[in-house]
Amino acid sequence: MIEQQDKAEFGADGPFDVAVVGAGPAGLSAALALAGVGAKTLCAGPPFNPDPARPDTRTTALLAGSVRLLENIGVWPNCASAAAPLEAIRIIDDTGALLRAPEVAFQAAELGLEAFGYNIPNAALVAAMEARAHDLANLSYVRTSGIERVEPEADTVRLSPAEGGAIETRLVAGADGRRSICRQAAGIGTRSWTYDQAAIACNFDHDRPHAGTSNEFHHAAGPFTTVPLPGRSSSLVWVDRPAEIERLMALDDEAIARAIERNLHGLLGPVNHVGPRAAFPLSGLSATKLAANRIALIGEAGHVIPPIGAQGLNLGFRDAATLAENVASALAEGADPGSDKLMWAYNRARSRDVTSRTYAVDILNRSLLSDVLPVRLARGLGLHLLKSIAPLRQFVMRQGLAPTADMPGLMR
Ligand SMILES: Cc1cc2nc3c(=O)[nH]c(=O)nc-3n(C[C@H](O)[C@H](O)[C@H](O)COP(=O)(O)OP(=O)(O)OC[C@H]3O[C@@H](n4cnc5c(N)ncnc54)[C@H](O)[C@@H]3O)c2cc1C
């Protein structure tokens, strides 16, 4: 990796085949996958976690295809020890409703798998990706406080870093998050919405072993989900009404530990240490297209969904792997990696997966929030059917893991 800090050096190695704007987890995965297939690649963005006082407290439950991508781009050996296998998922109706849905358990072993995936702190994942970037000679890393302008032209796109200078590239992978300036420059519109919910993300230690099981307690205002981490630790995503999340954020360490313990009904024993907490308002965003004008959107630049069902970054990784495959084919044919043909192919390859996951997560979340009796009955019936019909349960597990069609080769 070439690190360019000096204004005079910006763009010195261009023009690039691809410039990735944004060095978050989705952007770094795209940069590594693109460089891995031989594209002359640049990745430009601020360091992922610039403020140590406000660490990213999130973890990512990486599904099997995402772990395979990390193996294929040489990242997994650097971070596997920070991850814990996810062997089972337990869903518990804790809504307090009169007609309580049955508890349902999904076991990876039922699909002949050791684990559905692995849960890893975002900080460890991004650190491993940054370390891997040092190994790749065809990947330049520009640490900039931000790209200020993205200007598509006939044959290239011109990027202007805040520090000055210019970068020329044939294709931009816009991985600059939900307020993406790449998306704007591509002329791609969005549909966005909010939920009357927020989430706390934190990690905690507990006395009883988690046995590789994620516990999802369904409450009337959103799920309370623990996911295994190595040892006797788990991550927590607690979704509730914004005022309740604000109250929970203000609790001291002892009080939040007891609140988590109460919600777990003793399942993991006493909770004895809770790490830093961060709160996230819940919202959704869907780009009307995923590529146009030499700019392809990756990760939250193209789709934001609530943190329910561990889908967000897994979708972002599928974007990255798909774009890398499309670029590899273009370069092998001596074709332009930013052509309209590639824009069309990428958009077509990603739209169905992104749209179906966005709707599925939205419907799941709204069905939990609904007070309407038929919706509650339908949800209860669904859980009854899942509990008692093994083939249906296995089908749902497979669909939750990944799309059965169109899985990019880098994730197989
Ligand atoms: C509580 C919670 C739990 C979650 N759990 C899971 C899970 O278990 N599994 C899962 O798959 N997903 C999960 N997600 C979703 C996942 O965290 C996100 O999908 C993921 O972090 C998005 O990554 P990203 O790289 O697309 O965006 P970001 O992390 O927002 O990165 C965008 C990057 O672009 C940079 N940037 C912005 N503007 C510019 C610019 N102009 N120039 C250069 N750089 C720029 C930013 O500095 C940032 O580093 C969870 C989300 C939440 C809130």
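The following exchange examines how several descriptions of this predicted model are reached.

Me: What makes arginine 68 count as buried?

Reply: A residue is buried if 20 or more other C-beta atoms lie within 10 Å of its own. Arginine 68 has 21 C-beta neighbours inside 10 Å, and therefore counts as buried.

Me: Where is arginine 68 found, and which residues does arginine 68 touch, not counting residues up to four places away in sequence?

Reply: Arginine 68 belongs to helix 2. Leaving out residues up to four places away in sequence, arginine 68 touches Met411 and Arg412. The C-alpha atom of arginine 68 is also separated by 9.9 Å from that of glycine 117, although the two residues are 49 apart along the chain.

Me: Why is helix 2 described as mostly covered?

Reply: Helix 2 spans residues 64-72, and 7 of its 9 residues are buried. These buried residues are Ala64, Gly65, Ser66, Val67, Arg68, Leu69 and Leu70. After helix 2 comes glycine 74, with a positive phi near 75°.

Me: Why are helix 1 and helix 4 called roughly parallel?

Reply: The axes of helix 1 (residues 25-36) and helix 4 (residues 122-133) cross at roughly 30° and come within 10 Å. Angles under 35 degrees count as roughly parallel. Helix 1 and helix 4 are therefore roughly parallel to each other. The crossing in which helix 1 passes helix 4 is left-handed.

Me: Which residues make the contact between helix 1 and helix 4?

Reply: Helix 1 contributes Pro25, Leu28, Ser29, Ala31 and Leu32, while helix 4 contributes Asn122, Leu125, Val126, Met129, Glu130, Arg132 and Ala133. By kind, the residues of this contact divide into 8 nonpolar, 2 polar and 2 charged.

Me: What surrounds the ligand, and how do its surrounding residues divide by kind?

Reply: There are 33 residues around the ligand, of which Gly22, Gly24, Gly177, Gly299 and Gly312 come nearest. Two or more residues are given to this shell by each of helix 1, strand 3 (41-45), strand 4 (59-63), strand 13 (190-206) and helix 8 (312-332). The largest share, 4 residues, comes from helix 8. The shell divides into 18 nonpolar, 12 polar and 3 charged residues.

Me: How many helices and strands does the protein have, and what share of its residues is buried?

Reply: The secondary structure comes to 11 helices and 21 strands. Of the 412 residues in the protein, 48% are buried. Among contacts between residues at least 6 apart in sequence, 76% join residues at least 24 apart.

Methods: Residues are numbered from 1 along each chain as its sequence is written. This is a predicted model: local features need pLDDT of at least 70, side-chain atom pairs count only at pLDDT 80 or more; totals for chains, interfaces and linings use all residues. Axes are lines fitted to C-alpha atoms, for helices over the stretch in contact, and angles run from 0 to 180 degrees between N-to-C directions. Angles under 35 degrees count as roughly parallel, over 145 as roughly antiparallel, 65 to 115 as roughly perpendicular and the rest as oblique. A crossing is left-handed if the near helix is turned anticlockwise from the far one by less than a right angle, and right-handed if clockwise. Two residues are in contact if their C-beta atoms, placed from the backbone, lie within 7 Å. Ala, Val, Leu, Ile, Met, Phe, Trp, Tyr, Cys and Pro count as nonpolar, Asp, Glu, Lys and Arg as charged, and the others, Gly among them, as polar. A residue is buried if 20 or more other C-beta atoms lie within 10 Å of its own, exposed if 12 or fewer, and partly exposed in between; C-beta atoms are placed from the backbone. A residue is near a molecule or strand if its C-beta atom, placed from the backbone, lies within 6 Å of it.
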